[in-house]
Amino acid sequence: MFVPTREEKCEAMEDSLPLHLCHVQKPTAIINRSHAFFHSIALTALVYYRVSYLFQDPRTRDVPTLLWLMIFASELLLSFIWLLNQAYRWRPVSRAVFPERLPVDKELPAIDVFICTADPNREPTFGVMNTVLSAMALDYPPEKLYVYLSDDGGSPVTLQCMREAWGFAKWWLPFCRTYGIKTRCPGAYFSALDGDNFDSWGNGFIAQRQMVEVGLLCSLYILCGFSWVLFIYLFYFITHDKEIIEMMIMLQGKYEVFKEQVMKAREMGRIGDKSISTCRDHPPVVEVIHDNSTDALGVDQAEMPLLVYVSREKRPSHAHHFKAGALNVLLRVSGIISNSSYILVLDCDMYCNDPSSARQAMYFHLDPKISATLAFVQFPQKFHNLSKNDIYDGRLRSAFALEWHGFDGLKGPVLSGTGFYIKRDALYGRSIQEDIDIMEIKQSFGPSNEFVKSLFQKYKPNAVNGQDSSSTMPPETQILASCAYENRTKWGEEVGFYYSVVEDYLTGLILHCKGWTSIYNDQPRPHFMGSATTNLNDVLIQATRWSTGLIDVCLSRFCPLIYGPLRMSILQSMCYGELAFFPFYCWPVWCLATIPQLCVLNGIPLYPKVSNPFFLIFSFIFLSSLAKHLHEVLITGGSIRAWINEQRIWMIKSVTSHLYGSLDAIMKKIGLREASFLPTNKAEDDEQVKSYQMGIFDFRTSTKFLAPMVSLVILNMASFVGGLARMIIAGDWDRTFVQVFLSFFILIINYPIIEGMIVRKDKGRITPNVTLLSAVFSMIFLSLGSIVLAN
Ligand SMILES: O=c1ccn([C@@H]2O[C@H](COP(=O)(O)OP(=O)(O)O[C@H]3O[C@H](CO)[C@@H](O)[C@H](O)[C@H]3O)[C@@H](O)[C@H]2O)c(=O)[nH]1
Ligand SMILES: [Mn+2]
């Protein structure tokens, strides 16, 4: 977090009052660049060592060339990804904003909020409704705020619950506004109060409190020299305070009723006693949520943002392109309803925690110096369900606490799925001139006349506003939400969000390539809070999906290292490259967890002897990368434990998710597999939450994920013991040290796997079957390997 110095503030004042300031983190940049310098010298020496071996006389070489090359390739790949990583570390920046300098309400532009939900079983409706309410309660003029929920599950339960949420919002919004409530997601607000024993505050509490107040009042009146001014002042405060408490209690009651109704609706929507009915084959539904009564506190709907439910048409025969498809439907439907210039995109589990985010985004979007090229303002993803230890690195620390700041120092961070305010025009691909050929536009945007009209500046949207409750949706919305609408158009390819399971990454990449910029606004109070994946199974499934999507982009014409450098700066392309190449870590991690181990058991040295000067080079590289990582964890508020956790989860994901993801992408490329997007599970399982909170790994995941990591641990146990024996018995510790140490390091970092295999007896352990299977795998590998090496 950056606090502007007095000089910077003064400068800012003189310089026609900017709304924000950007500050390069100079000390960090200096450390990063010097580290990169020394580290790269060491890497060059390593390359020299590996290459020069290949030129040695074949008779003196004691390592099979193939193995040497495989290890060398791993080291080169690690070095290459390391090099790409340096782009983030080149020029990290922080930003400060000046809340007092925003234009008055009537000058603010309108905002459409898009919230996506896909599956009422994995994404509990009550949580989704909390997100909807938090968005409706943003601190923004309500007549300029339009909230759209896309329901890919097409579930009547969700629609019914939206109506309930609307009813509750009529109480909730005025309460937030009147009392300046800071936490406007009702779930978060009431659970925080629970922490203060709010539940025990009943009427008795109020009466008791009143007595104390009267007593206090009298004594203070006397104490302050019978001053009437003070008396009135205090009286006002005390009564005001009481009013809030009474309102709070009343609202909590309403909230409980709302919750019950949501639960009831879910109960009714269940098939048997299992899942809620959803439908993958249904017509489009677009509905404005409203009712006629103006009961609650006299609030009529004029003071409520418009709330729209959209469930796009789905047919089994049509590809629906997951979240990107849903967002594109929302773009079109909202285009003819509100057509706001800016759009906030939220995942259904990502609620607005700080109501000022919309205004803060406008500090940047309305700054004349940057607004012309600014496509979006990205806020960090922060999570409300993380434990202190965070064993699965659910907080994605390196991305949001570090790398995005570095991205921001270039031309801005990649689009990150949720929590960003994007300019509608940026998504439409180009600015539409009035004299452009209509037929050409229709080829890109589809046949709807109404929608095409909305692309022009002068367009006045249908303005279905909440005041007029009898208003129905323009029939055109049904056409825009139909699945055939996109046939033979450029949606998902040149306009809107780009179709990919990592639609955020691809759309961000292309926007930057087109010359747009973005901004990263990370402030101490989280603007948005989501639920992170907190069990191993979800973590690995999610990482597999991301890997598939990223490798898919790598294999397409948008490969960032080819497509990028011609269109944006080399550093920016490197950042995008690093993200896309990340899954390739599977290769070096697999190699380094198997080849040195196989070799140590067969007495083949792959690394320099301890007495060889190149040993120092290898040690330096190893320690320097660990130390740099540790430094970064510590400066971003992490601990030594977090550092170990991140090392471990990186290894685990590399040998499982990144491998499977890359294979999936390759199979997709050759037509053996279809893309899929299984949303993460946001429904909490008490038992799993408990073990996560206690920092205990929950190994209840598929064998597909467990077998590789358990096999590798067993393999390393074998090589560690075998290598140690060799060191002691044969006495060639000089030659074997590095390889034995490598196994030792792998085992130490992955201790929880050993524990899960051997020590634990609970449900979340690794079952003996999996251990046995993995042991068989590693034995087969070792015996086959040894036979091959012996020949
Ligand atoms: O067919 C689908 C599938 C998903 N979603 C929604 O997409 C959002 C993200 O899905 P989630 O299961 O939470 O995936 P994550 O892996 O947690 O999402 C991260 O990764 C995604 C893909 O890169 C980004 O879209 C997200 O914003 C980002 O938070 C959720 O609101 C879903 O409801 C849809 O609307 N339709
Ligand atoms: Mn998510």
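Which residues come nearest to ligand 1? Begin the tour by selecting ligand 1 in this predicted model. Of the 20 residues around the ligand, Cys116, Ala118, Asp347, Gly417 and Pro679 come nearest.

**First stop: the shell around ligand 1**

Colour the shell by the element to which each residue belongs. Strand E3 (111-117), helix H9 (322-337) and helix H16 (503-513) each give two or more residues to this shell. The largest share, three residues, comes from H9. Colouring by class instead shows eight nonpolar, six polar and six charged residues around ligand 1.

**Second stop: two annotated positions**

Next, select Glu123 and Asp152, which the unreviewed UniProt entry annotates as "binding site". These two positions are spread over 30 residues of sequence, yet they cluster in space, with a largest C-alpha distance of 11.4 Å.

Centre the view on Glu123, in the loop between E3 and helix H4 (125-136). Is Glu123 buried or exposed? Glu123 counts as buried because 25 other C-beta atoms lie within 10 Å, where 20 or more are required. Leaving aside residues up to four places away in sequence, Glu123 touches Thr117, Ala118, Val128, Cys348, Asp349, Pro679 and Lys682. Ala118 and Pro679 were also named among the residues that come nearest to ligand 1.

Move on to Asp152, which is placed in the loop between strand E4 (145-151) and helix H5 (156-179). Asp152 is buried as well, because 26 other C-beta atoms lie within 10 Å. Its contacts, again not counting residues up to four places away in sequence, are Cys116, Thr117, Ala118 and Ala326. Thr117 and Ala118 thus appear in the contacts of both Glu123 and Asp152.

**Third stop: strand E7 and its partners**

Select strand E7, residues 342-347, of which six of six residues are buried. Display the side chains here. In a regular strand, side chains alternate between the two faces of the sheet. In E7, Tyr342, Leu344 and Leu346 point one way, while Ile343, Val345 and Asp347 point the other way, and all are buried.

Add E3 to the selection: E3 and E7 run parallel and are joined by six bridges. Within this pairing, Cys116 stands opposite Asp347, and both residues are among those that come nearest to ligand 1.

Now add strand E11, residues 420-423, which pairs with E7 in the antiparallel sense over four bridges. To locate this pairing, find Leu344 of E7 and its bridge partner Tyr421 in E11.

**Fourth stop: helix H3**

Select helix H3, residues 65-85. Its 21 residues reach 30 Å from the first C-alpha to the last, close to the 30 Å expected at 1.5 Å a residue. Highlight Ile71, Phe72, Glu75, Leu78, Leu84 and Asn85, which are buried. An α-helix has 3.6 residues a turn, so residues three or four places apart point the same way. What covers the buried residues of H3? The cover includes helix H2 (26-54), helix H19 (570-581) and helix H20 (586-601).

**Last stop: Ile753**

Finish at Ile753, in helix H27 (residues 751-759). Why does Ile753 count as buried? Ile753 is so classed because it has 24 C-beta neighbours inside 10 Å. Select Val710 as well: the two residues are 43 residues apart in sequence and 7.0 Å apart in space, C-alpha to C-alpha. Ile753 touches Met709, Val710 and Val713, not counting residues up to four places away in sequence.

Definitions and conventions:
Residues are numbered from 1 along each chain as its sequence is written. Chains are lettered from A and ligands numbered from 1 in the order in which they are written. This is a predicted model: local features need pLDDT of at least 70, side-chain atom pairs count only at pLDDT 80 or more; totals for chains, interfaces and linings use all residues. A residue is near a molecule or strand if its C-beta atom, placed from the backbone, lies within 6 Å of it. Ala, Val, Leu, Ile, Met, Phe, Trp, Tyr, Cys and Pro count as nonpolar, Asp, Glu, Lys and Arg as charged, and the others, Gly among them, as polar. UniProt positions are given in the numbering used here, feature names are shortened, and annotations may be inferred rather than shown by experiment. A residue is buried if 20 or more other C-beta atoms lie within 10 Å of its own, exposed if 12 or fewer, and partly exposed in between; C-beta atoms are placed from the backbone. Two residues are in contact if their C-beta atoms, placed from the backbone, lie within 7 Å. Two strands pair if DSSP finds at least two bridges between them. The expected span of a helix is 1.5 Å times one less than its number of residues.
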